[in-house]
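Please open the model in your viewer and keep the sequence panel beside it. The tour below proposes one selection after another and says what is to be found at each stop.

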Amino acid sequence: MADFNLEAMSLKELRQLQKELGKAISTYEDRHKAEARAKLDAIAKEMGYSLADLIGAEVKATRASAVAKYRHPENAALTWSGRGRKPQWFADHVNAGKDPGLLAI
């Protein structure tokens, strides 16, 4: 473990250390929770159950990112999946009376 002389550190250095400690504690807790969840899930599967069956709560499933459905006519790097707020370039295209299908990938 590193030996720090806190009295010799500046306020900026102390705040940076505090920020790094907060991150370290958070990642430590997240890592240990994930390990515990994996162990419990393995035990439940050994017995023929899912973890959600045993605790009576939904286990959050991660959702895949949406596939792009529309592409900017001049800048191919700009895309939109059709979910969420419309990008301005898409709204401008539609407001100009143009068919949004022309932008479809």
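**The whole chain**

Colour the chain by secondary structure and follow the order of its elements from the N terminus, which reads α-α-β-β-α, that is, three helices and two strands; helices (H or I, at least four residues) and strands (E, at least two) are DSSP runs, numbered from the N terminus. This is a predicted model, in which local features need pLDDT of at least 70 and side-chain atom pairs count only at pLDDT 80 or more, while totals for chains, interfaces and linings use all residues. Residues are numbered from 1 along each chain as its sequence is written, and side-chain values use heavy atoms, with hydrogens and water left out.

With the C-alpha trace shown, the principal axes give a box of roughly 65 × 55 × 20 Å. The radius of gyration of the chain is 25 Å, where a compact globule of 105 residues would have one near 13 Å; the radius is taken over C-alpha atoms, and the globule rule is 2.2 Å times the number of residues to the power 0.38. Of the 105 residues, 11% count as buried, a term that means under 20% relative accessible area, with exposed being over 50% and partly exposed in between (1.4 Å probe, protein chains only).

**Helix 1 and its salt bridge**

Select residues 11-46, which form helix 1, a run of 36 residues reaching 53 Å from its first C-alpha to its last, close to the 52 Å expected at 1.5 Å a residue; the expected span is 1.5 Å times one less than the number of residues. Within helix 1, show the side chains of K45 and D41, which lie four residues apart, about one turn of the helix. An α-helix has 3.6 residues a turn, so residues three or four places apart point the same way. K45 and D41 form a salt bridge whose closest N and O atoms are 3.6 Å apart, the rule being a side-chain nitrogen of Lys or Arg within 4 Å of a carboxyl oxygen of Asp or Glu. K45 is exposed, at 58% relative accessible area, whereas D41 is partly exposed, at 26%. Moving on just past helix 1, stop at G48, which takes a positive phi of about 85°.

**The nonpolar patch**

Next select L40, I43, M47, Y49, L54 and I55, and switch on the surface: together they make a nonpolar patch of about 650 Å². Patches are made of residues with over 30% relative accessible area and no salt bridge, like charges being joined within 9 Å and nonpolar side chains (Val, Leu, Ile, Met, Phe, Trp, Tyr) within 5 Å. Helix 1 and helix 2 (51-55) each supply at least two residues of this patch, and L54 is located in helix 2.

**Two loops**

Go to A64, in the loop between helix 2 and strand 1 (70-71), where A64 is exposed with a relative accessible area of 62%. Then pick E74, in the loop between strand 1 and strand 2 (79-80), which is also exposed, at 74%. A distance label between the C-alpha atoms of E74 and A64, 10 residues apart along the chain, should read 28 Å.

**Helix 3**

Finish with residues 88-95, helix 3, whose buried residues are W89, F90, A91 and H93. Show strand 1 and strand 2 as well, since what covers these buried residues includes both strands. Beyond helix 3 comes G97, with a positive phi near 85°.

Key:
Areas by Shrake-Rupley, 256 points an atom, 1.4 Å probe, with all protein chains shown as cover. Contact = heavy atoms within 4.5 Å.
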